[in-house]
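Biologist: Hello! I am new to this structure and would love a close look at one part of it. Could you pick a helix, walk me around it, and tell me what sits beside it?

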Amino acid sequence: MAAAPPPRLPMDLRSEARVAEKTLADANAAYVERHPEINRILSDFVCAALVEQPTDLFEFARHHFSGVDSKGKVEWPELVGETAESASNRIKADQPGVFVVVNILHS
């Protein structure tokens with residue numbers, strides 16, 4: 001036996017809900033426009049998750065986003081002392097599909 005459909009909201013509440021929904025959608029669109037990096041960050045995460053297909057997505061997300069600074073840069077202190085090519089290859093092996101830029105600091 002199918003469940004009865006939920007009762008419909010009164011017309012004035014439906015109208016208020018539509019206005020609130022539109023206001024929220026506009027605010028969200030404005031935020032994304034001011035912060036286009038959100039699409040790259042989320043796309044990178046989704047691509048990595050689809051490649052890895054982790055069983056624990058929350059743990060994968062924690063690891064994926066750890067070490068990322070506000071500019072989207074990741075630091076890999078364990079790569080200090082390696083050649084740029086070697087460091088790049090290790091990062092690409094650990095994070096398939098990422099764009100790697102290696103900064104070489106001379107002291």
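Modeller: Happy to help; here is a walk around helix α2, with a short look at the whole chain before and a few neighbours after.

Please keep in mind that this is a predicted model. The protein has 4 helices and 0 strands, so its pattern along the sequence reads α-α-α-α. Of its 107 residues, 11% are buried. About 9,300 Å² of the protein is exposed, and 61% of that area comes from carbon and sulfur atoms. Among contacts with a separation of 6 or more, 19% link residues that are 24 or more positions apart.

Now to our helix. Helix α2 covers residues 37-52, and a good place to begin is its salt bridge. The side chains of R40 and D44 meet there, with 3.5 Å from N to O. Both residues belong to helix α2 and are 4 residues apart, about one turn of the helix. Neither partner is buried, because burial needs a relative accessible area under 20%: R40 has 40% and D44 has 35%, so each counts as partly exposed.

Next to R40 in the numbering comes I41, also in helix α2. I41 is partly exposed as well, with 32% relative accessibility. Together with L42 and F65, I41 forms a nonpolar patch on the surface. The three residues of this patch have about 240 Å² of accessible area together.

From here we can step over to helix α3, which spans residues 57-65. H64 lies in that helix and makes a nice contrast: its relative accessible area is 13%, so H64 is buried. What does H64 touch, leaving aside its neighbours within four places in sequence? It is in contact with D44, F45, A48 and Q95. D44 therefore appears twice in our tour, as a partly exposed residue that is bridged to R40 and in contact with H64.

Helix α3 has a salt bridge of its own. R62 pairs with E59, and their closest N and O atoms are 2.6 Å apart. These two are 3 residues apart in helix α3, which means about one helical turn separates them. E59 is partly exposed, at 38%.

For completeness, the whole structure holds 3 salt bridges. One of them joins K22 to D26, with 2.9 Å between the closest N and O atoms. K22 and D26 are 4 residues apart in helix α1 (residues 11-34), so about one helical turn lies between them. D26 is partly exposed, with a relative accessible area of 41%.

How values were computed. Residues are numbered from 1 along each chain as its sequence is written. This is a predicted model: local features need pLDDT of at least 70, side-chain atom pairs count only at pLDDT 80 or more; totals for chains, interfaces and linings use all residues. Side-chain values use heavy atoms; hydrogens and water are left out. Patches are made of residues with over 30% relative accessible area and no salt bridge: like charges are joined within 9 Å, nonpolar side chains (Val, Leu, Ile, Met, Phe, Trp, Tyr) within 5 Å. Accessible areas come from the Shrake-Rupley method with a 1.4 Å probe; for residues, only the protein chains shown count as cover. A salt bridge is a side-chain nitrogen of Lys or Arg within 4 Å of a carboxyl oxygen of Asp or Glu. Buried means under 20% relative accessible area, exposed over 50%, partly exposed in between (1.4 Å probe, protein chains only). Contact means heavy atoms within 4.5 Å.
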